Amino acid sequence: MNAKKEMIAMLLAGGQGSRLGVLTAKTAKPAISFGGKYRIIDFPLSNCINSGVDTVGVMTQYQPLRLNSHIGIGIPWDLDRNHGGVTILSPYEKSGESSWFAGTADAIFQNINFIDQFDPEYVLILGGDHIYKMDYSLMLNFHKAKKADITMAAMPVPIEEASRFGILITDPETGRITDFQEKPKEPKSNLASMGIYIFTWKLLREALIANKTVPNLDFGMHVIPYCHNRGDAVFCYEYNSYWKDVGTLSSYFEANMELIDLVPVFNLYEEYWQIYTNTPSVEPQYIDSNAFVERCIVGEGTQIYGRVTNSVIGSGVTIEEGAVVDNSIIMSNTVVKKNSQLTRCIIGEDVTIGENCSLGFGEYKESTYNPKVYCADLVTIGEDSVIPDGVSIGKNTAIMGVTEPEDYPNGRLESGDAIIKAGDLE
């Protein structure tokens, strides 16, 4: 029997992130690059160790290879512990049945045995796809002070945007939650659930077992309403700092661009609350004497010979002579060849952009491929893609795979169009 832990964290990192389009064709959303050197999952993992939570179960499912490799045994986050630390939890075959995680709460139910071995008083439930800094120990103190069974983190949002979120209605005197609204047309509150919960483990365990046959068992849809209806004390912990759901191309792009504001609203350089990551050992960055770089984040090992402005550049990137990159995100190990021009692009890892290309120009048009995902004036190129020399690519476009000149009629990909040559990305 392992020694008891007061609180352990369970981090839900198995989602496909389909609203990020080709960026998540080969990679789970929590493993997508962010801010040049980080991956999205670095933020909740760093929050855990900074908050004194030293036991984290990470539940993976969709395309987990890069995520598993990145986390490893948890060394960058000081989570390589003999007792506790970080553990990757994948779906597994049980006697007589085999089951994927079918919902957020089902993923926890399937890992009851993992949690039980630490016999925790409390379990912290986290998503793996948000950018924020949060001291979970303060939320735990609130949970204890209120004698809560469940504490839900929430943040105020503009009332006109509240219909996009799960909304919490609270008793203004006590902070106890009296009602829930899931993406309401007429919200009664502007407190939006952040998908961060602290449960008293004994009560959560009972609720999971009682609801185990519910299809696609979910916290927000099933478990929390069940607990509320049976009279459990459910409280709201209000959070008033930076938090960003980077689940869409627009929000992902915006969150990266906020990092290079003159006074960034989210500070990556704060000593008190550091964000840790698994960084490979690479050579220093090199900026040529003929290059021009302004208001950028530039990763290690990157070589710049062209002009780069207002952009977030990952590690190991090469931007050749005459190339111009503006208002773009270029992920690790990508090459932008001579005299190509890029504006408002999100370029995945290990991409090659040929010489004399033009990306992100022309008039915006609605996507002919997937208008729900591609609805901004961005060029989005998935990892391992190749763009041949001399092509022009319009706004609100998507490319996945190794493309050839014949894929571009008259040397162009018109705004709103897509070239998908790798896998089924519908």
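In this predicted model, strand β33 (residues 397-400) runs parallel to strand β35 (residues 418-420), and three bridges join the two. One of the pairings puts isoleucine 399 of β33 opposite isoleucine 419 of β35. β33 also has strand β30 (residues 379-381) as a parallel neighbour, again through three bridges. Here threonine 380 has alanine 398 of β33 as its bridge partner.

What about the two faces of β33? In a regular strand, side chains take turns pointing to one face of the sheet and then the other. In β33, Thr397 and Ile399 sit on one side, Ala398 and Met400 sit on the other, and all four are buried, so both faces are covered. Ile399, then, is a buried residue that also takes part in the bridging to β35, while Ala398, buried on the opposite side, is the one paired with threonine 380.

Helix α1 (residues 42-50) is another well-covered element: eight of its nine residues are buried, so the rest of the structure largely encloses it. The buried set is Asp42, Phe43, Pro44, Leu45, Ser46, Asn47, Cys48 and Ile49. After the helix comes glycine 52, with a positive phi near 85°.

Turning to charged side chains, the whole structure contains 18 salt bridges. Opposite charges on side chains can pair up when the charged atoms come close. One such pair is aspartate 179 with lysine 188, at 3.7 Å from N to O. Aspartate 179 is partly exposed at 30% relative accessible area, whereas lysine 188, at 60%, counts as exposed.

Arginine 295 and aspartate 261 form another salt bridge, at 3.4 Å from N to O. This pair ties together distant parts of the chain, 34 residues apart: arginine 295 lies in the loop between β17 (292-294) and β18 (297-298), and aspartate 261 in the loop between α8 (249-258) and β16 (286-287). Both ends are partly exposed, with arginine 295 at 40% relative accessibility and aspartate 261 at 30%.

Aspartate 377 and arginine 344 make a salt bridge too, their closest N and O atoms being 2.9 Å apart. Again the link is between distant parts of the chain, with 33 residues separating the loop residue aspartate 377, between β29 (358-361) and β30, from arginine 344, in the loop between β26 (341-343) and β27 (345-347). Aspartate 377 is partly exposed at 24%, and arginine 344 is partly exposed at 27%. Finally, salt bridges link Lys4, Asp119 and Glu121 into a network.

Notes:
Residues are numbered from 1 along each chain as its sequence is written. This is a predicted model: local features need pLDDT of at least 70, side-chain atom pairs count only at pLDDT 80 or more; totals for chains, interfaces and linings use all residues. Side-chain values use heavy atoms; hydrogens and water are left out. Buried means under 20% relative accessible area, exposed over 50%, partly exposed in between (1.4 Å probe, protein chains only). Two strands pair if DSSP finds at least two bridges between them. A salt bridge is a side-chain nitrogen of Lys or Arg within 4 Å of a carboxyl oxygen of Asp or Glu.
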